[in-house]
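Thank you all for coming; I would like to walk you through a structure that is probably new to most of you. Please have the sequence and the model open while I talk.

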Amino acid sequence: MQKFPNAYVITGSIASGKSTVVNLLKERGFSVIDADLIAHEQLEICKCEIVEAFGEQILDETGRIDRKKLGAIVFNEPKKLKNLEQILHPKIKAEIFFKASQLERLGQVYFVDIPLFFEKKERYDEFKNVAVIYAPKELLLSRLMSRNALNLEDAKARVELQMDIEQKRKMAKFIIDNSSDMEHLKLELEKFLGQICAIS
């Protein structure tokens, strides 16, 4: 018996257009569980534990966790990143599952926005329906360069931190193609919604 039959994970790669798709789904009135938002909330909830692990230098002048300072520490030291993940990930996962259980009771399709679904060491095997927002790598690079004013080298470094988009495409159950313009994306989304709303 599938635990979350009405849940559809939305994932993709940096600059593939995942946020755009999530916003379109929200506009259509669908419920969306936002993993990043939950991660930010848990960062504050677990503040004492995180400060104990990383020291008070990670706080800003108002006493909140400065994500940039924390990021600078953990992204340069894999061991520290692992520490942070051990504190946060089980709590993030529990909160996502709690929200999913609530939405499941309504018996309607809903979405779970997990940017790094395939990269996460904390597996989400309970979610079987995964849709990847797809655009080829060259397009991801050019979008990222114009969006974040990066040169090709920096854009490449960011894209290559994540699993290759072609690999994600193979692993996903659904593909929403975003390699053209907004009109095309909306048509792709309609096609996808037509598929899943017929299933459920």
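Let me begin with a term that I will need several times: a residue is called buried when its relative accessible area is under 20%, exposed when that area is over 50%, and partly exposed in between. What you have in front of you is a predicted model, so please hear everything that follows as computed from that model.

With that term in hand, take K80, whose relative accessibility is 32%, and which therefore counts as partly exposed. The side chain of K80 meets that of E77 in a salt bridge, with 3.7 Å from N to O, and E77, at 37% relative accessibility, is partly exposed as well.

K80 also brings us to a pair of helices. Helix α4 covers residues 67–74 and helix α5 covers residues 78–104, and the two pack with their axes 7 Å apart at an angle of about 125°. That angle makes α4 oblique to α5. On the α4 side, the residues that take part are L70, I73 and V74, and they meet P78, K80, L81 and L84 in α5. If we sort the residues of this contact by character, six are nonpolar, none is polar and one is charged.

Let me return to salt bridges, of which the count comes to nine. How far apart in the sequence are D113 and K18, which form one of them? They are 95 residues apart, so to speak two distant parts of the chain that the pair links, with D113 in strand β3 (residues 110–113) and K18 in helix α1 (residues 18–27). The closest N and O atoms of this pair are 2.7 Å apart, and both D113 and K18 are buried.

Another of these pairs is E160 with K137, whose side chains meet in a salt bridge at 2.9 Å, N to O. This one, too, links distant parts of the chain, since E160 sits in helix α7 (residues 152–160) and K137 in helix α6 (residues 137–148), 23 residues apart. Here E160 is partly exposed, with a relative accessible area of 47%, and K137 is partly exposed at 25%.

Now to strand β2, residues 32–34, where we find D34. With a relative accessible area of 23%, D34 is partly exposed. What does the side chain of D34 reach? It reaches the backbone nitrogen of D36 at 2.9 Å, and also the backbone nitrogen of L37 at 3.0 Å.

Finally, I would like to turn to the loops. In the loop between β1 (7–11) and α1 lies S13, which is buried, with a relative accessible area of 8%. If we leave aside its neighbours within four places in sequence, S13 is in contact with I133, L140, Q162, M163, I165 and K168.

The loop between β1 and α1 also holds A15, which has a positive phi of about 70° although it is not a glycine. At 10% relative accessibility, A15 counts as buried. A149, in the loop between α6 and α7, is likewise a residue other than glycine with a positive phi, in this case near 50°. Is A149 buried or exposed? At 72% relative accessibility, A149 counts as exposed.

Key:
Residues are numbered from 1 along each chain as its sequence is written. This is a predicted model: local features need pLDDT of at least 70, side-chain atom pairs count only at pLDDT 80 or more; totals for chains, interfaces and linings use all residues. Side-chain values use heavy atoms; hydrogens and water are left out. Axes are lines fitted to C-alpha atoms, for helices over the stretch in contact, and angles run from 0 to 180 degrees between N-to-C directions. Helices (H or I, at least four residues) and strands (E, at least two) are DSSP runs, numbered from the N terminus. Angles under 35 degrees count as roughly parallel, over 145 as roughly antiparallel, 65 to 115 as roughly perpendicular and the rest as oblique. Contact means heavy atoms within 4.5 Å. Ala, Val, Leu, Ile, Met, Phe, Trp, Tyr, Cys and Pro count as nonpolar, Asp, Glu, Lys and Arg as charged, and the others, Gly among them, as polar. Buried means under 20% relative accessible area, exposed over 50%, partly exposed in between (1.4 Å probe, protein chains only). A polar contact is a pair of N or O atoms within 3.5 Å; within protein, one must be able to donate a hydrogen and the other to accept it, and residues adjacent in sequence count only if both atoms are side-chain atoms. A salt bridge is a side-chain nitrogen of Lys or Arg within 4 Å of a carboxyl oxygen of Asp or Glu.
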